[in-house]
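Subject: Handover of a protein model

Dear colleague,

Please find below the sequence and the structure that I am handing over to you. My findings follow after them, grouped by topic.

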Amino acid sequence: MRHWTIGLLALATLATAGSAQRTTQTGPRPGIVRVRLVTSEGPILLALDTRHAPQTTANFLAYVDDGRFDGTDFYRASRQKSSPKLGFIQAGIRTDARRILPPFPLETTAKTGIKHLDATISMARGMNPASAGGNFFITVGPAPAMDARAGYPGYAAFGHVVGGMDVVKRILAKPTGGGMDAFKDQMILKRVALVSARRLDGVAKPTGLPRAWLIRTRPDRGK
């Protein structure tokens, strides 16, 4: 009986392993592109919705495929005063004109149906609704105030975190200070590096545009 039990356990183990292998081979469901962010606090895995937010996802992937996020930072941690474990973290190129790509139209949550729930990735922007570019944020807890409503376009959510929310929460808890206006007291004081961003599905499609941030000024050897 004991040998029979061991045999059943072995078969169950093999079946589980086979199922896991098939899941890995199958990959994400259609319309989803996964991106891995490597940060100084650990990795974050994103699932981007190309079907419902095609323009926003295409913009983000252009930054990824060009390497424009590599070497930037998670620089903002905005915590709710009533619930400090909730809020959002923000990352990207800040105002680095050398890395920025052309703007694109805002895909509102009313258009995409992608709401700002827990673990949502969305594009940061300025007052102009079409000003989103190379900065993004990830929510911890639902943020319905960022969804579109009458007279307010909201922000462009385009995917979710599917791995590494512990890293996101760790970044949200970092000490903050400085900043002005909406950023007041929300700037992360000790650098959290966004080391690299790489797509895991499909083929990279670099824009071919100049990557001016990689140009290093050579010292004048004659002086």
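Which residue in E9 is the bridge partner of Asp73? The partner is Ala193. Before the details around this pair, please note that the model is a predicted one.

Overall architecture

The protein contains four helices and nine strands. Read from the N terminus, the order of its elements is α-β-β-α-β-β-α-β-β-β-α-β-β. The protein has 223 residues, of which 43% count as buried.

Strand E9 and its partners

Several of the pairings found involve E9. Strand E1, residues 32-39, runs antiparallel to E9 and is joined to it by five bridges. Within this pairing, Leu37 stands opposite Ala197. E3 also pairs with E9 in the antiparallel sense, here over four bridges, and the position of Asp73 opposite Ala193 belongs to E9's bridge partners as well. Strand E8 covers residues 176-177 and is antiparallel to E9, with two bridges between them. In that case Gly177 is opposite Met187.

Salt bridges

The whole structure holds 10 salt bridges. One of them joins the side chains of Arg199 and Asp65, with an N to O distance of 2.7 Å. This pair connects distant parts of the chain, since Arg199 is in strand E9 (residues 187-199) and Asp65 is in helix H2 (residues 54-66), 134 residues apart. Arg199 and Asp65 are both buried.

A further salt bridge is formed by Asp73 and Arg191, whose closest N and O atoms are 2.3 Å apart. Here too distant parts of the chain are linked: Asp73 belongs to strand E3 and Arg191 to strand E9, with their positions 118 residues apart in the numbering. The two partners fall into separate classes of accessibility. Asp73 has a relative accessible area of 15% and therefore counts as buried, the cut-off being under 20%. Arg191 has a relative accessible area of 52%, so this residue counts as exposed, the cut-off being over 50%.

Arg99 and Asp96 form another salt bridge through their side chains, at 3.2 Å from N to O. Both of these residues are buried. In addition, a network of salt bridges links Glu41, Arg170 and Lys174.

The largest pocket

How much space lies in the largest pocket? The value is about 560 Å³. The pocket is lined by 24 residues, and those closest to its centre are Arg76, Phe88, Gln90, Tyr155 and Phe183. Three elements give two or more residues to the lining: strand E3 (72-79), strand E4 (87-92) and strand E6 (135-140). Of these, E3 provides the largest share, four residues. By residue class, the lining divides into 12 nonpolar, eight polar and four charged residues. E3 thus appears twice in this account, as a contributor to the pocket lining and as an antiparallel partner of E9.

Nonpolar cores

The largest nonpolar core comprises 40 residues. Those with the most contacts inside this core are Leu37, Leu46, Phe60, Phe69, Phe74, Phe136 and Ile138. Another core, of five residues, lies apart from the largest one and includes Phe88, Ala124, Ala143 and Met146. Two of the residues named here have come up before: Leu37 stands opposite Ala197 in E9, and Phe88 is among the residues closest to the centre of the largest pocket.

Backbone in the loop between E8 and E9

Most residues other than glycine have a negative phi. Against that background, two aspartates deserve mention. Asp181 has a phi near 55°, a positive value in a residue other than glycine, and its place is in the loop between E8 and E9. With 71% relative accessibility, Asp181 is classed as exposed. Asp185 lies in the loop between E8 and E9, and its phi is near 65°, again positive in a residue other than glycine. Asp185 has a relative accessible area of 44% and is therefore partly exposed.

With kind regards

How values were computed: Residues numbered from 1 in each chain as written. Predicted model: local features only at pLDDT ≥ 70, side-chain atom pairs only at ≥ 80, totals over all residues. Heavy atoms only, no water. 1 Å grid on protein atoms, 1.4 Å probe; cavity = no way out; pocket = protein on both sides within 12 Å on 5 of 7 lines; lining within 4 Å. Points joined across faces, edges and corners; volume = space filled by probe spheres on them. Nonpolar A, V, L, I, M, F, W, Y, C, P; charged D, E, K, R; others polar. Salt bridge = Lys/Arg side-chain N within 4 Å of Asp/Glu carboxyl O. Buried < 20%, exposed > 50% of the residue type's maximum accessible area, 1.4 Å probe, protein only. Pairing = 2+ DSSP bridges. Core = buried A, V, L, I, M, F, W, Y, C linked by side-chain atoms within 4.5 Å.
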